[in-house]
Amino acid sequence: MTKEKYALLDTDFISKTHLIRKDDQNKMIDRVMELPEYRFYCHEQIRTELARHDIGDSPEWLETKISDGSVHCISDEEIIDELHAIYSDSAEAMYANMLRNGCEAYESGYFEKNFTRLRVLDYQSISKDAFLQELKADCDEIGEGNNLGELKSYVLLQTMSTKLGEQVYVFCSDDKNARSGIVSLGGARCISVLSAFMRLHNEGVLLKEDAEPYLQAYLSECRKHNQTTFRVHDTSKQMRMCRIPCEQVIEEMYGGKLEVLQNGNLRYKQ
């Protein structure tokens, strides 16, 4: 029996792979959902952010996948409940600690600066409802567009890793700093939009010939943002980053010349 794999989806990945499509009925994100034995999750904040950005019909896409059970959308309250089952009365303190870890991976001192209520709570006596109320108040003050989806996903990632004792795959931002932060939190494996093509190929979901219209759509999106190269590590001990033309990287990727690192970066094989 094939072992299940657990995967998180973030806002940036859903938005981008929703735009990369063969046609309106065949989007790259739908091919990702076909990966065998994967169970997909996202934090409730991702749902909120997709609705706010409203790129294409990606919010409707996610709502459909949540409704049919393809994506499990997890709230802060559900995370606290999971942590109570593991840590009992220390659940709220563990959530705050996981959030602090996520903030440090994102930006040093971010938790102390922005989660001012959580920072001073008495975790010996706080109830779940009171904690969630204070958490919401801090998040409301932080406001939209300040990486709350990323931070909440960091908490969900740590919760899943603790509960499952398994590596979690994170389909995530092309931002290398964000991906490095994810890896630092406990051994998750990052999958960027580019490296997702390799995973789809290796899992037999989308081979090179069938991937071609999606690849052309991806390159078109890159050109819209004046991106003509991808960054790839060379074979040196220093693993220097080289800017390689996008089309060349794709050919070398399917030619077996590249490997995917844990943080989702590509590296030339020795």
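Strand 8 (residues 229-233) and strand 11 (residues 266-268) pair in the parallel sense over two bridges; strands here are DSSP runs of type E with at least two residues, helices are runs of H or I with at least four, and both are numbered from the N terminus. Two strands count as paired if DSSP finds at least two bridges between them. Across this pairing, H233 stands opposite R267 in strand 11.

Before I continue, the basis of these statements: this is a predicted model, in which local features need pLDDT of at least 70, side-chain atom pairs count only at pLDDT 80 or more, and totals for chains, interfaces and linings use all residues. Residues are numbered from 1 along each chain as its sequence is written, and side-chain values use heavy atoms, with hydrogens and water left out.

To which sheet do strands 8 and 11 belong? They are part of an open sheet of four strands, ordered 9-8-11-10, with mixed pairing. Its edge strands are strand 9 (241-245) and strand 10 (258-260), each of which pairs on one side only. Neighbouring strands are turned by 45° against each other on average, direction ignored. Angles in this talk run from 0 to 180 degrees between N-to-C directions, and axes are lines fitted to C-alpha atoms, for helices over the stretch in contact.

Strand 8 and strand 9 run antiparallel and are joined by five bridges, with V232 having C242 as its bridge partner in strand 9. Strand 10 and strand 11 are also paired in the antiparallel sense, over three bridges; there, L258 has Y268 as its partner.

I turn to the other sheet. This open sheet has five strands in the order 5-4-1-6-7, with parallel pairing. Strand 5 (71-74) and strand 7 (189-191) each have a single partner strand, so one side of each is left without a neighbour in the sheet. From one strand to the next, the twist averages 30°. Four bridges link strand 4 (residues 38-43) to strand 5 in the parallel sense, and H43 stands opposite I74 in strand 5.

Next, the helices. Helix 6 (residues 91-106) and helix 9 pack at an angle of about 25°, their axes 10 Å apart. They are therefore roughly parallel to each other; the terms are roughly parallel under 35 degrees, roughly antiparallel over 145, roughly perpendicular from 65 to 115, and oblique for the rest. Contact, meaning heavy atoms within 4.5 Å, is made by E92, Y95, A96 and L99 of helix 6 and by K128, F131 and L135 of helix 9.

How do helix 12 (residues 193-202) and helix 13 (residues 208-224) pack? Their angle is about 170°, with axes 11 Å apart, and they are therefore roughly antiparallel. V193, L194, F197 and H201 in helix 12 meet K208, Y214, L215 and Y218 in helix 13.

Helix 9 (128-142) appears again at the second largest pocket, to whose lining it gives the most, with five residues. A pocket, on a 1 Å grid over the protein atoms alone, is an open set of points where a 1.4 Å probe fits, with protein on both sides within 12 Å along at least five of seven lines; lining residues have an atom within 4 Å of a point. About 340 Å³ of space lies in this pocket, the volume being the space filled by probe spheres set on grid points joined across faces, edges and corners. Of its 15 lining residues, Q45, D76, K136, C139 and K152 lie nearest the centre.
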